[in-house]
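Thanks, everyone. Let me put the model up, and then we will walk through it.

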Amino acid sequence: MAARIIRHADCRPMPWKNSGGVTTEILAWPSAAGLDAFDWRISMAQVAGGGPFSVFAGIDRTLTVLSGTMQLAAGDAAPVALSPQSQPYAFPGDVGTEAVLIDGPVLDFNVMTRRDRVSHAVERLEFSDPGEIALGQGISLVFVASGAARIGSEAVAAFDTLYSDDGPASLTVAPNGPVSLLKVSIRLI
């Protein structure tokens, strides 16, 4: 399997849609799409203060906290507490969503897909010993939430991403100590 590596240092920072902060875009499709025209988008955001999230019409989102703790209230759903130990949290991007920070700034990982064209799933994987990651059909990304490892033939560190779009495969993971990974699967509808 040929995986492309996206180094964190090569990702571009850009303002939030609501101008309330800065996000680091890891990858989006189409590649030159703006914030209202992407089919899917993967990013990280530094959240310095609580408040409303940007609204994205027709978008489904999954947020995973990498550091810090927040309470998130999306639409009519009961508020949830999110931390680096929480599972990824999926919610509609077109409902009013409010964040309350619990103990200072939060760094989060976001996956957004246009609901009438694309679907996605995000899974947190923890490795202390060598293991494998199974990738399915379609587009798969493996994001290093913390730690460092060799994944397949690539040495990766925190916030690096491996991208593959060539179908089912298995990647070996050789961690350099505990490593937390986020596996993202993207499927056309």
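**Salt bridges first**

Searching the whole structure turns up eight salt bridges. A salt bridge here is a side-chain nitrogen of Lys or Arg within 4 Å of a carboxyl oxygen of Asp or Glu. This is a predicted model: local features need pLDDT of at least 70, side-chain atom pairs count only at pLDDT 80 or more, and totals for chains, interfaces and linings use all residues. Residues are numbered from 1 along each chain as its sequence is written, and side-chain values use heavy atoms, with hydrogens and water left out.

Start with Arg7. Its salt-bridge partner is Glu154, and the closest N and O atoms are 4.0 Å apart. Arg7 sits in the loop between β1 (4-6) and β2, and Glu154 in strand β16 (residues 154-156), so this pair ties together parts 147 residues apart in sequence. A word on naming: strands (E, at least two residues) and helices (H or I, at least four) are DSSP runs, numbered from the N terminus.

How covered is this pair? Arg7 is partly exposed, at 30% relative accessible area. Glu154 is also partly exposed, at 24%. For those classes, buried means under 20% relative accessible area, exposed means over 50%, and partly exposed lies in between, with a 1.4 Å probe and protein chains only. Asp160 joins in as well: Arg7, Glu154 and Asp160 are linked in a network of salt bridges.

Next, Arg41 and Glu25. Their side chains meet in a salt bridge at 2.9 Å, N to O. Arg41 is in strand β4 (residues 40-47) and Glu25 is in strand β3 (residues 22-29), so to speak of distance along the chain, they are 16 residues apart. Both Arg41 and Glu25 are buried.

Then Asp39 and Arg117. Here the salt bridge is 2.2 Å, N to O. Asp39 lies in the loop between β3 and β4, and Arg117 in the loop between β11 and β12 (118-127), so parts 78 residues apart in sequence are tied together. Asp39 counts as buried, at 14% relative accessibility. Arg117 is partly exposed, at 40%.

**The sheet**

Now the strands. Six of them form an open sheet in the order β2-β3-β4-β11-β6-β9, with antiparallel pairing. The edge strands are β2 (12-15) and β9 (89-92), and each pairs on one side only. From one strand to the next, the twist averages 30°. That angle is taken between axes, which are lines fitted to C-alpha atoms, for helices over the stretch in contact; angles run from 0 to 180 degrees between N-to-C directions. Two strands pair if DSSP finds at least two bridges between them.

Walk across from β2. β2 and β3 run antiparallel, joined by four bridges. In β3, Val22 is the bridge partner of Pro15. β3 then pairs with β4, also antiparallel, over seven bridges. Leu27 stands opposite Ile42 in β4. β3 is mostly covered, with six of its eight residues buried.

Further along, β6 and strand β11 (residues 106-114) pair antiparallel over eight bridges. Val65 has Asp108 as its bridge partner in β11.

**A buried arginine**

Which side chain of opposite charge is nearest to Arg61? That is Asp108, 6.2 Å away; Arg61 is buried yet has no salt bridge. For charge, Lys and Arg count as positive and Asp and Glu as negative; His and the chain ends are not counted.

Arg61 is in strand β6 (residues 59-67). Its side chain makes a polar contact with the side chain of Asn110, at 3.2 Å. A polar contact is a pair of N or O atoms within 3.5 Å; within protein, one must be able to donate a hydrogen and the other to accept it, and residues adjacent in sequence count only if both atoms are side-chain atoms. Not counting residues up to four places away in sequence, Arg61 touches several aromatics, among them Phe53, Phe56, Tyr89 and Phe91. Contact means heavy atoms within 4.5 Å.

**Backbone points**

Two to look at. The peptide bond from Trp29 to Pro30 is cis, with omega near -10°. Pro30 is in the loop between β3 and β4. Phe159, a residue other than glycine, has a positive phi, near 75°. Phe159 is in the loop between β16 and β17 (161-164).
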